[in-house]
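This report describes one protein structure, from its overall fold dimensions to its internal cavities and aromatic contacts. The sequence and the coordinates are shown first.

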Amino acid sequence: MRLLVLGGTHFLGRHVATAALERGHEVATFTRGFSGAPPEGARALHGDRNDPDALPAALEGWAPELVVDTSCQSRAAARNAAAVLGDVSGYAFVSSLNAYRHWPPGPVGPEDGEPTWTTEDDEYGPNKAFAEREIGAAVGMSFLTARAGLIIGPYDPIHRLGWWLDRISRGGRVVVPDALDQPIALVDARDMAGWLVEMAEQGRSGAVNVTGPKGMTTLGGLLDLCREVTGSDAEWVPIPEEALLAAGVEPWVHLPLWLPEEIARTGWDVDTTRARKLGLRSRPLQDSVADTWAWQQAHERPPLPPGSHRSEPGLPPELEAQLLATA
């Protein structure tokens, strides 16, 4: 079938385009053209999703039957997609757990029982919730919204797991939070990508929490895997939460994937029962970490999308030195 990936050259979207090609679809990607070319075999369409004329112009003479939407960040982008793509037979939309108005800290139960944002705030979570409603109303019963958690894997430009791999590979004493037993859940972009294509093919509907199974690992378990796959001699130097915060360490940013205990206690408690019933698979975490490290060694880190306001992840060297000196 003709499958359109909104996105398709960047991280998850790139894996979606690859999965769709492998399943025999005729694939087109729609991007602004800033993040490189799509996988070989995919047609590259260009335009700004916030421009109401861009998508119709790009699709002239090529009508998609299926859509996987990985790039919707604004209300204008949602409205424009809804205006053009309402008659497809399957639309899988990548939303976020941030669409829930109480997450984090959660917990997040079954999808049909959790309220999403309904405010007009121009912020990530409310915008995702708006897009779910806007595009879902246009597409109808063949619209599935995948509320994604933490996604990892090759081609990840956000560099949270990547920073840990880089830092741990250099060895020596490494600052880590003392809460290494806090739970964490992750989903490999390749597992999610193939599943999204299947959901579009099947015309599945409704909301699905898409992340790793609850209790799949801990932060310490993940960092141990990073040390194992990099062959590092890194030595953990656990620092209490109070000391980290007092020193100005920003959770999630300076020590990626670390959350304060009050949030971490329930933040990773997400019900993924429906995702498993619909066939979402989770490859061994060691494979995800090893493949990410192999890709990272062979490629330059891709740039963040233009206009991204994300903070650069990682502990500044001077702050790391300060913490190590007092440990």
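The sections below cover the chain as a whole, its cavities, its aromatic pairs and two individual residues.

**Overall architecture**

The model is predicted. The protein chain contains 12 helices and 13 strands. Its C-alpha atoms occupy a box of roughly 65 × 40 × 35 Å along the principal axes. A compact globule of 327 residues would have a radius of gyration near 20 Å, and the chain agrees with this because its own value is 20 Å. Of the 327 residues, 54% count as buried. Where contacts join residues at least 6 apart in sequence, 78% of them link residues at least 24 apart.

**Cavities**

Rolling a probe the size of a water molecule over the atoms shows where empty space is left. In this structure, two cavities of 30 Å³ or more are present. The table sets out their volumes and the classes of their lining residues.

| Cavity | Volume | Nonpolar lining residues | Polar lining residues | Charged lining residues |
|---|---|---|---|---|
| Largest | about 50 Å³ | six | two | three |
| Second largest | about 40 Å³ | two | five | one |

The lining of the largest cavity consists of Ile152, Leu186, Val187, Asp188, Asp191, Met216, Ser282, Arg283, Pro284, Leu285 and Ser288. Two elements give two or more residues to this lining, namely β10 (187-188) and α11 (285-298).

The second largest cavity is bordered by Gly153, Asp156, His159, Leu161, Gly162, Thr292, Trp295 and Gln296. Here α5 (160-169) and α11 each supply at least two lining residues. The element that gives the most to the lining of the second largest cavity is α11, with three residues. Helix α11 therefore appears in the description of the largest cavity, as an element giving two or more residues, and again in that of the second largest cavity.

**Aromatic pairs**

The count of aromatic pairs comes to five, for rings whose centres lie within 6.5 Å. Trp163 and Trp164 form an edge-to-face pair, with 4.9 Å from centre to centre and 70 degrees between the planes. This angle counts as edge-to-face because it is over 60 degrees. Both tryptophans, Trp163 and Trp164, are buried. Elsewhere in the description of aromatic residues, Tyr91, Phe93 and Phe143 form one cluster.

**Trp163**

Trp163 is found in helix α5, an element that also contributes to the lining of the second largest cavity. The relative accessible area of Trp163 is 12%, so the residue counts as buried under the 20% limit. Leaving aside residues up to four places away in sequence, Trp163 touches His254, Pro256, Pro313, Gly314 and Leu315. Of these contacts, the one with Gly314 spans 151 residues in sequence, with the C-alpha atoms of Trp163 and Gly314 6.1 Å apart in space.

**Thr217**

Thr217 lies in strand β12, which comprises residues 217-218. With a relative accessible area of 14%, Thr217 is buried, because the limit for that class is 20%. When residues up to four places away in sequence are not counted, Thr217 touches Pro183, Ile184, Leu186, Leu222 and Leu285. Among these partners, Leu186 and Leu285 also belong to the lining of the largest cavity.

Definitions and conventions. Residues numbered from 1 in each chain as written. Predicted model: local features only at pLDDT ≥ 70, side-chain atom pairs only at ≥ 80, totals over all residues. Heavy atoms only, no water. Phe/Tyr/Trp six-rings, centres within 6.5 Å; stacked < 30°, edge-to-face > 60°. Buried < 20%, exposed > 50% of the residue type's maximum accessible area, 1.4 Å probe, protein only. 1 Å grid on protein atoms, 1.4 Å probe; cavity = no way out; pocket = protein on both sides within 12 Å on 5 of 7 lines; lining within 4 Å. Points joined across faces, edges and corners; volume = space filled by probe spheres on them. Helix = DSSP H or I, 4+ residues; strand = E, 2+ residues; numbered from the N terminus. Nonpolar A, V, L, I, M, F, W, Y, C, P; charged D, E, K, R; others polar. Rg over C-alpha atoms; globule rule 2.2 N^0.38 Å. Contact = heavy atoms within 4.5 Å.
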